Amino acid sequence: MKHVLPILVAACLLAACTRPAAVLRSPDGQITLTATVDADGTASYSAAYRGETVILPSHLGFLLQDGTDLSRFRLAGFSRDSHDDTWEQPWGERRLVRNHYNELTMHLTPTNSPTEGEPCRVNIVFRAFDDGIAFRYEVSNSLPYGEERGGVVITDELTEFRLPWNAEAWSGPTNHTNFLEALWTKSPLSEKDTVATPLTIEVRDDLYMAIHEANLTDYASLDIAPLKPDFAAAEPSSAVTLKAALVPWSDGTLVKTRLPFVSPWRTLLIADKPGDLITSYMELNLNEPCRINNTAWIEPGRYIGIWWGMHMKDYTWEIGPKHGATTANTMRYIDFAAAHGFKGVLVEGWNKGWEGDWTRIDDHFKYTEAYPDYDIDSLCRYARERGVRIIAHTETGGAVENFEQQMDSAFAFYHRLGINAVKTGYVNPKHDGREWQRSQYGVEHYRRVVETAARYEIMIDNHEPAMPTGLRRTWPNLMTGEGVRGQEWNAWNASGGNPPYHTCVLPFTRGLAGPMDFTPVIFNFTNKVLPDVHPESTIAKQLAEFLILYSPLQMAADMIENMEGQPGLSFVESCPTTWEETRVLSAKIGEYILEARKVRDDWQPQGSEPGPGSWFVAGITNEEARKFTLPLDFLDDDATYTATIYSDGTGADYQANPYPLDITTRTVNSRSFLDLHLARSGGVAIRIAKQ
Ligand code: NOJ
Ligand code: CA
């Protein structure tokens, strides 16, 4: 239980406890964190896992624009807290999440404060969980200094992660690439450029770590850069210092804030197996509890869309002879959705503004005005009568101010029509032509969208977002997003589709941050425009990705004429998008992953969905074929199940012939084993329905 010392006792403890260092242990005692103020006033922390140093003493602090140096301190004392409770997610990879940690706060007074006024007070709050550590800064004072927004301007965050090894790590794209849509690459930490987080570190076969952040609020996104070289004495020569590098405003400053403020949490996951990174919920635990009182309107589910047709150039977004978002075409998609158990139909290109260069920054996009060949009122009614919802699309082309001016009236309009999900888009590296998407400007905009949407009972799918940081706990209408090199690259990337290893990396990297709207499931790999560009996978892998690349709003991306009559579609039709629990059964980053998800105990199955107690399992591999013998020992001991296995058929191969798909059925129980064969860049998808 949460336990807070009465203020008086805390004050006494503070006065008495001015040792320069304090140790914090995780609840299971395996992780220890030491917080220190050195003789020169530098605040630092270090960490060990099972007695082995995993973080060398690493500096903490800030520099402010007015010259305030928040990096040299006098220690006022330490205080402690602890917490253990379990909360329920409205949707997710796991229904019940335990939030169990010990906390240590280091109370500091800066030694070099502004010439006038009361000095800032800085608390650094550390938490140790069984699966990692986190810390954040709380900066305050008692006088009006800096109360105006912009009164405090951060010009550098000094946070470091100093690692004893120059380990291999998977890093994602940075400001040097657009939209977080580059491939993740593996290289030694010292060779990294400035990289986005999560940064997933492969120390050894039995030690993995990931650096990221949680609860990114009123602040800039965290990037990480190695300081080179690190010749600090008395340290292993292989030590690498990684330092925070926040995404700046266009004026070069990092964060414009006021006192008091708290930073986002800086997080470090520590795991024996790569799969344990995936099943860590620490970053959700570091976000505030749900702020939406009644979440009944938040509906995870499967969707299709008038989408791939545009990327294949069969349709256009703008009105014209090939317009995709026509009334007649949308009715076809609604009919298909109703017949095949999809809750949503995404329609892109329905609203005015797509003519010409739609990424120009002005007010050409209208969010309440449909093209004349798209009868939005009758389509929404038509959908509702069939148990389907239209998902609206609001591409901004980066013109954020234009979107914000219309946002309230647009969301009110959608709500009246019964639209309960919106896919937002920002195809322009800079918001309003000025600010990076991941800067504080972008971060604050994305939050206004989510909070406004919540008022109108609208779920958000945020394309070209900032990296997620667990805000879905607080705002569970923030369902999913991009910030991932998704299926669309398999349509138009002139140098070829996403390589086979790509989706074997994503669960351990981008996936650690939150749900991904990757949009799996293409059945027809014909590309009339770029014949050599198509998904670099088999059909079975496309199906498996529907389970493995987690998204509570999960799209089957192909055009409906390509999905009609496909035997593999029956897997998608039966597969929920929210789970009782998730287990990673076997994995190697970039090579393969086998994952199992259990149907929620409170699940009310529809159509061909199996009931509570059932499981879904999927596996994918890179360009190497693989065999697995899978024990089904996670099933209940006293139950019998029907396993339907969608696997690569004879001759399946991502290059030679991606299409062969076998579907077999077996009766199984907890003592059964399944022999699985995955083709090159193949997969397997299994429904294990409890009888
Ligand atoms: C990029 C998005 O990721 C894609 O899904 C969308 O179709 C286009 N922008 C157009 O908005
Ligand atoms: Ca995109």
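Which residues lie nearest the centre of the largest cavity? The legends below take up this question and then turn to a second cavity and to several groups of paired strands, in a model that is predicted.

**View 1. The largest cavity and the residues that line it.** N462, A466, P468, L471 and L478 lie nearest the centre of this cavity, and they belong to a lining of 30 residues. The space inside amounts to about 380 Å³, and the cavity is one of eight of 30 Å³ or more that a search of the whole structure finds. Helix 8 (440-455) gives the largest share of the lining, six residues, while strand 27 (459-462), strand 28 (478-481) and helix 11 (510-513) are among the elements that each supply at least two. Sorted by class, the lining contains 17 nonpolar, eight polar and five charged residues.

**View 2. The second largest cavity, with a lining drawn from domain 1 and domain 3.** The volume of this cavity is about 310 Å³, and of the 23 residues that line it, E93, I278, R472, G511 and L512 are the closest to its centre. Two or more lining residues come from each of helix 2 (274-278), helix 3 (282-285), helix 11 and strand 31 (592-599). At the level of domains, domain 1 (11-285) and domain 3 (484-691) each contribute at least three residues to the lining. By class, the residues divide into 13 nonpolar, five polar and five charged.

**View 3. Strand 12 and its pairing with strand 13 and strand 14.** Strand 12 (residues 168-172) is mostly covered, with four of its five residues buried. The pairing of strand 12 with strand 13 (residues 185-188) is antiparallel and extends over four bridges, and four bridges also join strand 12 to strand 14 (residues 195-204), again in the antiparallel sense. A169 can be used to follow both pairings, since this residue stands opposite S187 in strand 13 and opposite I201 in strand 14.

**View 4. An open sheet of six strands with antiparallel pairing.** The strands of this sheet follow the order 30-31-32-37-34-35. Strand 30 (579-588) and strand 35 (661-668) stand at the edges, where each has a single partner strand, so one side of each is left without a neighbour in the sheet. Neighbouring strands are turned against each other by 15 degrees on average, direction ignored. Towards the edge formed by strand 35, strand 34 (residues 641-648) and strand 35 are joined by eight bridges in the antiparallel sense, and within this pair I645 stands opposite T664 in strand 35.

**View 5. An open sheet of seven strands with parallel pairing.** Here the strand order is 28-27-24-23-22-21-29, and the edges are taken by strand 28 and strand 29 (553-555), each of which pairs on one side only. From one strand to the next the twist averages 30 degrees. Inside the sheet, strand 22 (residues 344-347) and strand 23 (residues 389-395) pair in the parallel sense over three bridges, with I390 in strand 23 as the bridge partner of V345. Strand 28, at one edge of this sheet, is also among the elements that supply at least two residues of the lining of the largest cavity, as is strand 27.

How values were computed:
Residues are numbered from 1 along each chain as its sequence is written. Chains are lettered from A and ligands numbered from 1 in the order in which they are written. This is a predicted model: local features need pLDDT of at least 70, side-chain atom pairs count only at pLDDT 80 or more; totals for chains, interfaces and linings use all residues. Side-chain values use heavy atoms; hydrogens and water are left out. On a 1 Å grid over the protein atoms alone, a cavity is a set of points where a 1.4 Å probe fits but cannot get out, and a pocket is an open set with protein on both sides within 12 Å along at least five of seven lines; lining residues have an atom within 4 Å of a point. Grid points are joined across faces, edges and corners, and a volume is the space filled by probe spheres set on the points. Ala, Val, Leu, Ile, Met, Phe, Trp, Tyr, Cys and Pro count as nonpolar, Asp, Glu, Lys and Arg as charged, and the others, Gly among them, as polar. Domain bounds come from an automatic or database domain assignment. Buried means under 20% relative accessible area, exposed over 50%, partly exposed in between (1.4 Å probe, protein chains only). Two strands pair if DSSP finds at least two bridges between them. Axes are lines fitted to C-alpha atoms, for helices over the stretch in contact, and angles run from 0 to 180 degrees between N-to-C directions.
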